[in-house]
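Some labels in a structure rest on cut-offs. Here are a few short questions about how such labels are earned.

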Amino acid sequence: MSTQLTPLSADIPADAFPVLTAEQISRIRPMSKSRQVKVGDILFEPGDPDVPFFVLLSGSMEVVQPDRHGERLLVKHEAGNFTGEMTNISGRLALARGRVTEAGEFLEMSNHDLRALVARDAELSDILMRAFILRRVALINRGYGNVVLLGSRHSAQTLHLREFLTRNGHPHTYVDLDVNTGYQDLLDQFQVTADEIPVVVCNNQTVLRRPSIQELARCLGLNAHIVASEVKDLVIVGAGPSGLAAAVYAASEGLDVLVIEADSPGGQAGASSKIENYLGFPMGISGNELADRAAAQAQKFGAKVLIANNVTKLNCERRPYELSVDCGQVIRARTVVIASGAQYNKPKIENLKKFEGQGVYYGATYIEAQLCGNEDAIVVGGGNSAGQAAVYLSQTSRKVHILVRSGQLSDTMSRYLIQRIEENPAIEMHYYTELVGLDGDTQLERVTWQDKKTGETSTHDIRHVFIMAGASPRTEWLQGCVALDNKGFILTGRDLDPVVHNLKWPLPRAPQMLETSLPGVFAVGDVRAGNVKRVAAAVGEGSIAIYLVHRVLAEL
């Protein structure tokens, strides 16, 4: 039985499903093999790894997605059409089933050869990548994926899983059980109790109760394509703007690259609702969209991305360097770029953790804005991220209160943001003000802040707080391996001059710019001491690091 829904191809741009010309197909043919297909042949199933890329010379097929009602039709392909979406580039598991509906001849190409074709043929690269990205966007917008998340808007774990799926660009169906009771039969079928929510159904088969993001990533096979036994030319720790830039340049220049990301691509920038001062985007771009494009670009050139995994240790006693990952793998690398970024400093409030994800947030995207509705919200911090969050939230919130501990917004905040804030009647500034108390039962219900000049405290019925103040580096796993400053940021290049003689630097040359106290290990972006807190600066450092990586590889 098929679910009667509008096909995916019905109302999205024609570029998502183009018809290739005979001349374009002739350039694909040498890297493919001809395959005769008959009606009913299954070409791929959800969860299949390394699904080939098909071009239809004759005949037809349909791409469907199994669901609890049977199947939903995504698209019908005919002669001149081709299959695939971003999983063909990333190497991750298939999301749908491909079935032949009319006998004919198809060209079949491996994903490895597809990436080679995309890298060398500019015209076909544009056609295929545009189609793959538009198809993925359509799947996301429709909520068509191989995972159903059933949760509650009052659950911190639900929010965490939604953020993980959204920021990783994974199509999924989200069901808010607080407003949608139609899925109770499904919960009953799998004998799910209230304290086991959120629940995730993977591939219409596996049921996960209150899963961690690591468990969800395993269930979806997001890392099944990673082979840890090979020595990598380069391992990049962190997939923020600097790490993704390094991945794009390294992979495009032929290096074997693995990116390891603890959560989702984008870093702090990925949680930004809109970046308006990044070169080339006069209308602005969301941090998540920028990260999605960068990740797709890196994977297009062959970079692999291992997500939902933390690097717990760098073995700096031997080379190739060894990086221990919390999934149990040990990955060896000739060179390393550390782009693990920084995390927002948390106010010293005793019960803060209780309300994280239940009124206290560390990112201001569409998901969090939906939770706020037309209510008051607080943004803690005076930097660019805080300013962007306040401006974005002011579009839907009744009032946005910005709490800043000093007497002014940060010197690093962009002038356009300051002007927007000053001219926005929905934003109220509170200087010399600090958040000191949170209160509520299971959800945040009220907050207390203090005027640091007078010592006076006041309590307000506000249920949404966005914390974006200060930053601490993620460098605990590097203690004893690389030189750090007194705040834990990584020293590089000329900043090592005062201490390099005490570190037993083993080479006749001095450390290069961006190189740490370990030869061949570089630091870029927010984790580096003296970094410039701009997305463009992070991207620049990531690209420069690869020029230096080539120098080190030439020494080996």
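Q: What makes the contact of E85 with R136 a salt bridge?
A: This is a predicted model. In this model, the closest N and O atoms of E85 and R136 are 2.6 Å apart. The cut-off is 4 Å, so the pair counts as a salt bridge. E85 lies in the loop between β6 and α2, and R136 in helix α4, 51 residues apart.

Q: Why is E85 called buried?
A: Buried means under 20% relative accessible area. E85 has 9%, so E85 counts as buried. R136 has 12%, so R136 is buried too.

Q: Which residue forms a salt bridge with E375?
A: R463 does, at 2.6 Å from N to O. The two residues are 88 residues apart in the chain.

Q: Why is R463 called partly exposed?
A: Partly exposed lies between the 20% and 50% cut-offs. R463 has 32%, so R463 is partly exposed. E375 has 24%, so E375 is partly exposed as well.

Q: What makes D439 and R446 a salt bridge?
A: Their closest N and O atoms are 2.5 Å apart. The limit is 4 Å, so the pair qualifies.

Q: How many salt bridges does the structure hold?
A: It holds 32. A network of salt bridges links E45, E62, E71, R97 and R99.

Q: Why is α13 called oblique to α14?
A: The two helices pack at an angle of about 40°. Roughly parallel needs under 35 degrees, and roughly perpendicular needs 65 to 115. The angle fits neither class, so α13 is oblique to α14. Their axes are 10 Å apart, and the crossing is left-handed.

Terms used:
Residues are numbered from 1 along each chain as its sequence is written. This is a predicted model: local features need pLDDT of at least 70, side-chain atom pairs count only at pLDDT 80 or more; totals for chains, interfaces and linings use all residues. Side-chain values use heavy atoms; hydrogens and water are left out. Axes are lines fitted to C-alpha atoms, for helices over the stretch in contact, and angles run from 0 to 180 degrees between N-to-C directions. Helices (H or I, at least four residues) and strands (E, at least two) are DSSP runs, numbered from the N terminus. Angles under 35 degrees count as roughly parallel, over 145 as roughly antiparallel, 65 to 115 as roughly perpendicular and the rest as oblique. A crossing is left-handed if the near helix is turned anticlockwise from the far one by less than a right angle, and right-handed if clockwise. A salt bridge is a side-chain nitrogen of Lys or Arg within 4 Å of a carboxyl oxygen of Asp or Glu. Buried means under 20% relative accessible area, exposed over 50%, partly exposed in between (1.4 Å probe, protein chains only).
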